[in-house]
Structure formats: structure tokens, C-alpha cells
Amino acid sequence: MREQQRGRSAEHAHRTREFESFVAGAAGRLLHAATLLTGETRTRNPYARALLTAALAHTYAVWGRLRDEDPYDLARRDLAARFARTAWRHHGGDGGVLAALSPQERLVVVLRLYEGVAEEQVAALLGLPEARVRAVCARSVATLRAAARGTRGAAA
């Protein structure tokens, strides 16, 4: 009986170390993605931090059942899904670079351009046709370019 407990305890400690190692390597990039999604600034991002914490908690909860699945991809999908479910409560950010975009536009831009997720995968994740994802991405990039031109023109 004690041998079983020691075995489970050692296995749990090993999984915990693996997860901690994953978080050490991935949390910064995931937090940046969450901050871009929420439209918050890098220094003031409580909503992004809450999203990341929930996504990492979910990832830890299923950590022992992960087999060939990429834990980063799982955490990113969970982060995106949580943002998509709650974005209607947090329309505008506090001035982050993507704050001018709608929540859906931010989600598409972050997944496609920052995370490099394929159009087909973004469409499946959001339940949209691929053509819609392509159109949202193109419109969002045009909006960001126009805003950048306007900022440069105002600074000159």
C-alpha cells in the first residue's frame, strides 16, 4: 500500500515538474497573446492575466491525460475560447496596440498573425467559414495600417 502511494506521489511530482517547466517556457508568450487579445497594455493587463491563469489551470487539470497533444496548443486554444466566450464584457482595451479592433478581429489577428495558426484551424476554433476568417484578418490588418499611418501623420 505504501509503495503504491510513493509511486503515485513520485508520478505526481514528476508531472508537476513537467508542468512547471512548460509554464516557465510558455507563459510569457501566452501572456503576450492574451494581452493582445484583450487590448490591454503590457503594464496593465488584469483581464489578460485572469484569462492566462484560467487557461493554465485547465491545462494543468488535463496534464496527466495529454498524450501526443501539444500542451502549448491546448493552452492557446483554451485561452482563445475563454476570450471568445467573455469578450462581449470587455469590448475596448486600455490602449493596447489592438484596442481599436473588435474582440473577434483581435482574436483572428492574434491567432493568425501572432500565433501563426492556420486559417482552417482558426475557422474551426471560431466556428466560422475560412473565407470569413480571411476577410476579418484582411480588414483588421487594413484598420491597423490606417491607424499606424494616422499616428505617424499626427507625430510629424
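**Exercise 1. State which residue just after helix 4 takes a positive phi, and describe the burial of helix 4.**

Solution. The structure is a predicted model.

Step 1. Gly116, just after helix 4, takes a positive phi of about 75°.

Step 2. Helix 4 itself covers residues 103-114. Its buried residues are Pro103, Glu105, Arg106, Leu107, Val108, Val109, Val110 and Leu111.

**Exercise 2. Determine whether Glu105 is buried or exposed, and identify its contacts beyond its neighbours within four places in sequence.**

Solution.

Step 1. Locate the residue: Glu105 belongs to helix 4.

Step 2. Apply the cut-off: a residue counts as buried under 20% relative accessible area. Glu105 has a relative accessible area of 11% and is therefore buried.

Step 3. With neighbours within four places in sequence set aside, Glu105 is in contact with Val136, Arg139 and Ser140.

**Exercise 3. Describe the packing of helix 4 against helix 5.**

Solution.

Step 1. The axes of helix 4 and helix 5 (residues 119-126) come within 10 Å and cross at roughly 145°. The crossing of helix 4 past helix 5 is right-handed.

Step 2. From helix 4, the contact draws on Leu107, Val108, Leu111 and Arg112; from helix 5, on Glu119, Val122, Leu125 and Leu126.

Step 3. Sorted by class, the residues of this contact comprise six nonpolar, no polar and two charged.

**Exercise 4. Classify the orientation of helix 3 relative to helix 4, and list the residues that form their contact.**

Solution.

Step 1. Helix 3 and helix 4 pack at about 170°, and their axes lie 10 Å apart.

Step 2. Angles over 145 degrees count as roughly antiparallel. Helix 3 and helix 4 are therefore roughly antiparallel to each other.

Step 3. Helix 3 contributes Arg76, Ala80, Phe83 and Ala84, while helix 4 contributes Pro103, Arg106, Leu107 and Leu111. The contact of helix 3 with helix 4 has six nonpolar, no polar and two charged residues.

Step 4. Consider also the loop between helix 3 and helix 4, where Ser102 lies. Ser102 has a relative accessible area of 29% and is partly exposed. The C-alpha atoms of Ser102 and Ala87 are separated by 9.1 Å, although the two residues are 15 residues apart along the chain.

**Exercise 5. Classify the orientation of helix 2 relative to helix 3, and give the make-up of their contact by residue class.**

Solution.

Step 1. Helix 2 (residues 46-61) and helix 3 (residues 71-86) pack at an angle of about 130°, with a distance of 9 Å between their axes.

Step 2. Helix 2 and helix 3 are therefore oblique to each other. Helix 2 passes helix 3 in a right-handed crossing.

Step 3. On the side of helix 2, the contact involves Tyr47, Leu51, Leu52, Ala54, Ala55, His58 and Thr59. These residues meet Pro71, Leu74, Ala75, Asp78, Leu79, Arg82, Phe83 and Thr86 in helix 3.

Step 4. The residues of this contact divide into ten nonpolar, three polar and two charged.

**Exercise 6. Summarise the overall architecture: how many helices and strands are there, and what share of the residues is buried?**

Solution.

Step 1. The protein has six helices and zero strands, and its elements run α-α-α-α-α-α from the N terminus on.

Step 2. Of the 156 residues, 37% are buried.

Step 3. Among contacts with a separation of 6 or more, 62% join residues 24 or more positions apart.

Step 4. The protein exposes about 9200 Å², of which carbon and sulfur atoms supply 54%.

Conventions: Residues numbered from 1 in each chain as written. Predicted model: local features only at pLDDT ≥ 70, side-chain atom pairs only at ≥ 80, totals over all residues. Heavy atoms only, no water. Axes fitted to C-alpha atoms, helices over the stretch in contact; angles between N-to-C directions. Helix = DSSP H or I, 4+ residues; strand = E, 2+ residues; numbered from the N terminus. Parallel < 35°, antiparallel > 145°, perpendicular 65-115°, else oblique. Left-handed = near helix turned anticlockwise from the far one by under 90°. Contact = heavy atoms within 4.5 Å. Nonpolar A, V, L, I, M, F, W, Y, C, P; charged D, E, K, R; others polar. Buried < 20%, exposed > 50% of the residue type's maximum accessible area, 1.4 Å probe, protein only. Areas by Shrake-Rupley, 256 points an atom, 1.4 Å probe, with all protein chains shown as cover.
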